[in-house]
Amino acid sequence: MSFTSCLVVILGGAIGTFLRYSVSVLALPISRDLPWGTILINISGSFVIGLFGTLTLASGRFPVSENLRLFVMIGICGGYTTFSSFSLQTLTLAQTGDWPRAGLNVALSLLLCLAAVAAGYMLGSWLNRLGA
């Protein structure tokens, strides 16, 4: 772990955190029944890490430096995605006895984020093949 690597992760994390806050605020009007901001953040973050991670492998179509991968995948995506928020919101729903919404939050987040990371991976793989 170099000083430069730490700086790129910190910078990426700051950007990701700002993006997370922005999406959360924008999603407030639709988040009455479920924490849609968190769900959308986790889906889009899963897609981005799947796509970027696949495209930028050494064998990918757009190989990049390790520091750029750290910046995007650990920094931006790590600051942007909100698994801890998801966990707290789910616990809060469960503690208030709202088990149907807690379960729906878990199911939607899990299924849609897995689908998003798979879609990002598949798109990245397809784009990699275009360059071959």
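Helices here are DSSP runs (H or I) of at least four residues, numbered from the N terminus. Keep in mind that everything shown below comes from a predicted model.

**Figure 1. The whole chain, made of helices.**
Let's start with the overall layout: the protein chain has 5 helices and 0 strands. Going along the sequence, the pattern reads α-α-α-α-α. The C-alpha atoms fill a box of roughly 50 × 35 × 25 Å along the principal axes. The chain has 132 residues, and 36% of them count as buried.

**Figure 2. Helix α2 against helix α5.**
This view puts α2 (residues 36-55) next to α5 (residues 99-130). The two helices pack at an angle of about 25 degrees, and their axes are 7 Å apart. Angles under 35 degrees count as roughly parallel, so α2 and α5 are roughly parallel to each other. Where α2 passes α5, the crossing is right-handed. What sort of residues make up this contact, by class? There are 16 nonpolar and 10 polar residues in the contact of α2 with α5, and no charged ones.

**Figure 3. Helix α4 against helix α5.**
Now α5 is shown with another partner, α4. Here the packing angle is about 155 degrees, with the axes 7 Å apart. Anything over 145 degrees counts as roughly antiparallel, and α4 and α5 are therefore roughly antiparallel to each other. Their crossing is left-handed.

**Figure 4. The largest pocket and its lining.**
The largest pocket holds about 240 Å³ of space. Its lining has 14 residues, and those closest to the pocket's centre are Asn42, Ser46, Phe83, Ser109 and Cys113. Which helices each supply at least two residues of this lining? They are α2, α4 (83-95) and α5. The largest share belongs to α5, which brings 6 residues to the lining. Sorted by class, the lining of the largest pocket has 8 nonpolar and 6 polar residues, with no charged ones.

**Figure 5. Asn128, a buried residue in α5.**
Asn128 lies in helix α5. Is Asn128 buried or exposed? The cut-off for buried is under 20% relative accessible area, so Asn128, at 16% relative accessibility, counts as buried. Also look at Leu55: Asn128 and Leu55 are 73 residues apart in sequence, but their C-alpha atoms are 6.3 Å apart in space. Leu55 falls within the residue range of α2 (residues 36-55).

**Figure 6. Leu130, a partly exposed residue in α5.**
Helix α5 also contains Leu130. The relative accessibility of Leu130 is 47%. Since partly exposed covers the range between the 20% and 50% cut-offs, Leu130 counts as partly exposed. How far apart are the C-alpha atoms of Leu130 and Thr82? They are separated by 33 Å, with these positions 48 residues apart along the chain when counted as sequence separation.

**Figure 7. Gly16, a buried residue in α1.**
For the last view, we turn to helix α1 (residues 3-26), where Gly16 has its place. At 0% relative accessibility, Gly16 counts as buried, because the cut-off is under 20%. Gly16 and Leu68 are 52 residues apart in sequence, and the C-alpha to C-alpha distance is 14 Å.

How values were computed. Residues numbered from 1 in each chain as written. Predicted model: local features only at pLDDT ≥ 70, side-chain atom pairs only at ≥ 80, totals over all residues. Heavy atoms only, no water. Axes fitted to C-alpha atoms, helices over the stretch in contact; angles between N-to-C directions. Parallel < 35°, antiparallel > 145°, perpendicular 65-115°, else oblique. Left-handed = near helix turned anticlockwise from the far one by under 90°. Nonpolar A, V, L, I, M, F, W, Y, C, P; charged D, E, K, R; others polar. 1 Å grid on protein atoms, 1.4 Å probe; cavity = no way out; pocket = protein on both sides within 12 Å on 5 of 7 lines; lining within 4 Å. Points joined across faces, edges and corners; volume = space filled by probe spheres on them. Buried < 20%, exposed > 50% of the residue type's maximum accessible area, 1.4 Å probe, protein only.
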